[in-house]
Amino acid sequence: MGKLCLVCNCPISPFMTFGRQPIANRFLDATSFEGEYYFDMDVCFCPNCSMFQLANTPDPEEMFNDSYAFYTSSSRFMANHFKEFARYVLEDVVDDKIDPFVVEIGCNDGTMLKNFKSAGIRHLGIEPSRNVASVAISQGINTRVDFFSPNLARSLVSDYGVADVILATNVICHIPDVKSVFEAVSILLADDGVFIFEEPYLKDVIDKTTYDQIYDEHTFLFSINSINYLSKLFTLELIDVLPQSTHGGSMRYVLARQGKRTVTDRVFSQLVAEVNSGLTSPHTYDKFKRNCEIKRTELLSTLKNIKSAGKSIVGYAATSKSTTITNYCSITTEYLDCIFDTTPLKIGRYSPGTHIPVRDHVHFRNYNPDYVLLFAYNHAAEIMEKERDYTLNGGHWISCIPGLEIQK
Ligand code: TYD
Ligand code: ZN
């Protein structure tokens, strides 16, 4: 049966496949390799509404459950970013509001909301993964363990009243039923409220061939044009767009109810700029597919050359993104001895699909490999600072996306 666009219901078909992919964030113990869950990761671009999307998405329960291994607070840089985000919300958005109510969709371990809590702002986090939510709760963040839905929104309105600000970071693009999220927002949002979210930006992915942003959790990669289309379906209006450097290039979208706030010139100019750059044209995606194949060939040939010279290679940062790279390029322990990482839930486990052991980053310096494949280019500055000795002692870093500069 043909596929229909998750946003506009137009018939769509995949322009490429990344093959069989596992759950990107499910790090396995040695006894659970058998029966590992896989899905065919085919990707589509909708020529009608411009939404970039996965053709098949695993059941959300497979991805966001009690073994969800991502903790926002694991990056100091991201913690700072959220502090700055909270300052933007408090000073630039709700400055004149008396007793504002702030809701965060997908509050994870509360890294963002703690900034509101400490400013004495009424807040509520919604988080379906109990393990990360319990960290937020233990820090006194008002948190509800649930999926964000129209029904939940209705019950929140009766329990707390409408929200002046609804926030989300790196979460809306995770939700296949994105229309139910927008519907829920339209129920919960105050008449003059704002909905602000930021997510990896499609244009950065296309321009830099950072195809690792495509994995099970990222049902969508948003653009200004696709969000503009989606907003209108729920009588919301895109009033501002603010590019961010996080996750290798993200976009902050600011929405309000239609006609309630001034639309900045940036929105108009960036909508046009995307069209002019080809982001809304299907042929851009055929080119992207070819670029992904080129990056795969280049990376594999680099790894093969190093191994045939008898040198050692390890991975650095067992990111979700790395799952797409290792599985698409078939990078196993044939190339990487292990992947060093800071996350307690991942250490001692094995990477999804390719079963590379994950080791505690504290052993990295002693291990002293000849080469390191950096998977977390988005945390390069923080990691380079931490591992300066390795670099000064002649260690080599390899970018997982060939040609993408590692910011030292
Ligand atoms: P991130 O790019 O945020 O993750 P994802 O692709 O999963 O969205 O990277 C988080 C991962 O990187 C996490 O597994 C911890 C690891 N990491 C380190 O190992 N060392 C570090 O210094 C940093 C910042 C992250
Ligand atoms: Zn569509």
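Me: Before we start, what does "buried" mean here?
Reply: A residue is buried when its relative accessible area is under 20%, taken over protein chains only. This is a predicted model, and in it Cys5 and Cys8 both meet that cut-off, being buried.

Me: What makes Cys5, Cys8, Cys46 and Cys49 the protein donors of the zinc ion (ligand 2)?
Reply: A donor is an N, O or S atom within 2.8 Å of the metal. The SG atoms of Cys5, Cys8, Cys46 and Cys49 lie 2.3 Å from the zinc ion (ligand 2), so they pass the cut-off and count as donors. Along the chain, the donors follow the spacing C-x2-C-x37-C-x2-C.

Me: Why is the arrangement around the zinc ion (ligand 2) called tetrahedral?
Reply: Four donors get that label if all angles lie between 85 and 135 degrees. The four donor atoms here subtend angles of 101 to 117 degrees, so the arrangement is tetrahedral. As a reference, the ideal angle for four tetrahedral donors is 109.5 degrees.

Me: On to helix H5 (residues 150-160): which of its residues are buried?
Reply: Pro150, Leu152, Ala153 and Leu156 are buried in H5.

Me: How do you know that the buried residues of H5 line one face of the helix?
Reply: Look down the axis of H5: the buried residues fall within an arc of 155 degrees, so they line one face. The face turned away from that buried side carries Asn151 and Ser158, which are exposed; the label "exposed" takes over 50% relative accessible area.

Me: What makes a space a cavity, and how many cavities of 30 Å³ or more turn up?
Reply: In a cavity, a 1.4 Å probe fits but cannot get out. Searching the whole structure gives two of 30 Å³ or more. The second largest cavity holds about 30 Å³ of space, and its lining includes Pro200, Asp204, His247 and Tyr377. By class, that lining has three nonpolar, five polar and one charged residues.

Me: And what makes something a pocket instead?
Reply: A pocket is an open set of points, with protein on both sides within 12 Å along at least five of seven lines. The second largest pocket has a volume of about 400 Å³.

Me: Which elements give two or more residues to the lining of the second largest pocket?
Reply: Helix H2 (76-93) and helix H13 (380-386) do, and H13 gives the most, with four residues. The lining has 18 residues, with Ser245, Tyr377, Asn378, Ala380 and Gln407 nearest the pocket's centre. Sorted by class, the lining is five nonpolar, eight polar and five charged residues.

Terms used. Residues are numbered from 1 along each chain as its sequence is written. Chains are lettered from A and ligands numbered from 1 in the order in which they are written. This is a predicted model: local features need pLDDT of at least 70, side-chain atom pairs count only at pLDDT 80 or more; totals for chains, interfaces and linings use all residues. Side-chain values use heavy atoms; hydrogens and water are left out. Donors are N, O and S atoms within 2.8 Å of the metal (3.2 Å for Na, K and Ca); water is not among the atoms, so sites may look incomplete. Four donors count as tetrahedral if all angles lie between 85 and 135 degrees; four count as square planar and six as octahedral if opposite donors are over 155 degrees apart and all others between 65 and 115; anything else is irregular. Buried means under 20% relative accessible area, exposed over 50%, partly exposed in between (1.4 Å probe, protein chains only). On a 1 Å grid over the protein atoms alone, a cavity is a set of points where a 1.4 Å probe fits but cannot get out, and a pocket is an open set with protein on both sides within 12 Å along at least five of seven lines; lining residues have an atom within 4 Å of a point. Grid points are joined across faces, edges and corners, and a volume is the space filled by probe spheres set on the points. Ala, Val, Leu, Ile, Met, Phe, Trp, Tyr, Cys and Pro count as nonpolar, Asp, Glu, Lys and Arg as charged, and the others, Gly among them, as polar. The arc is that of the directions from the helix axis to the C-beta atoms.
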